[in-house]
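Reader: Hello! I am new to this structure and would love a close look at one part of it. Could you pick a place where two elements pack together and walk me through it?

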Amino acid sequence: MDYVRTKAGAALGARLRRLSERLDNDAARAYAAQGVEFEQRWFGVLNQLALNGPMSVGALAEALGITHVSVSQTRVSLEKAGLIRQEPDASDARRRLLSLSPRGKALAARLAPLWAAFEQASLALDVEAGGLGDALARLEAALERQSLFERITAAYDARGRR
């Protein structure tokens, strides 16, 4: 028996974490099979910089739909790996722009065919799963309308009044 599946909505977060872990592990295996040391969390930042050129942490966070803190943590990791560098923004000295280092550019070019394979496999998986991407977009929209916290609180309060 799969406890997480039996709990349905009550274990939604656990189920999503489990799926995320599974996807991340398979992605890590795909990179390792190509002889590349690559952390899956690097993909968004590295790919955005490869596609768009230098960007601020804030612009990256907005483009990726994640927090400034998440991008900053990824930045530190990518800098330690020698894949990106920081430089002052010519239009605003208070702001720093991130850009790919020569090593980062070479890695992005090397990974482009693998990333295309990721895209192809992901699209096929989405079709097989019946439009999971659309379902996740609907879930995100529902949470934007009313957070899970608000929904839990309303349900709990309603139960208390019975």
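**Two helices and the chain around them**

Author: Happy to! Let's set the scene before we zoom in. The chain holds eight helices and three strands, and this is a predicted model. Followed along the sequence, these elements come in the pattern α-α-α-β-α-α-β-β-α-α-α. The chain is more spread out than a compact globule, because its radius of gyration is 20 Å, well over the 15 Å that the globule rule gives for 162 residues. Its C-alpha trace spans about 65 × 40 × 25 Å along the principal axes.

Now for the close look. Two packed helices are described by the angle between their axes and the distance between the axes. Our pair is helix H4, residues 57-64, and helix H5, residues 68-80. They pack at an angle of about 115°, and their axes lie 8 Å apart. The crossing of H4 past H5 is right-handed.

Which residues in H4 and H5 meet? On the H4 side you will find Val57, Gly58, Leu60 and Ala61, and on the H5 side His68, Val71, Ser72 and Arg75. Sorted by class, this contact has four nonpolar residues, three polar ones and one charged one.

Stepping back to the whole chain, 25% of its 162 residues count as buried. Among its contacts with a separation of 6 or more, 45% come from residues 24 or more positions apart. Finally, the accessible surface of the chain is about 11,500 Å², with 55% of that belonging to carbon and sulfur atoms.

Methods
Residues numbered from 1 in each chain as written. Predicted model: local features only at pLDDT ≥ 70, side-chain atom pairs only at ≥ 80, totals over all residues. Heavy atoms only, no water. Axes fitted to C-alpha atoms, helices over the stretch in contact; angles between N-to-C directions. Helix = DSSP H or I, 4+ residues; strand = E, 2+ residues; numbered from the N terminus. Left-handed = near helix turned anticlockwise from the far one by under 90°. Contact = heavy atoms within 4.5 Å. Nonpolar A, V, L, I, M, F, W, Y, C, P; charged D, E, K, R; others polar. Rg over C-alpha atoms; globule rule 2.2 N^0.38 Å. Buried < 20%, exposed > 50% of the residue type's maximum accessible area, 1.4 Å probe, protein only. Areas by Shrake-Rupley, 256 points an atom, 1.4 Å probe, with all protein chains shown as cover.
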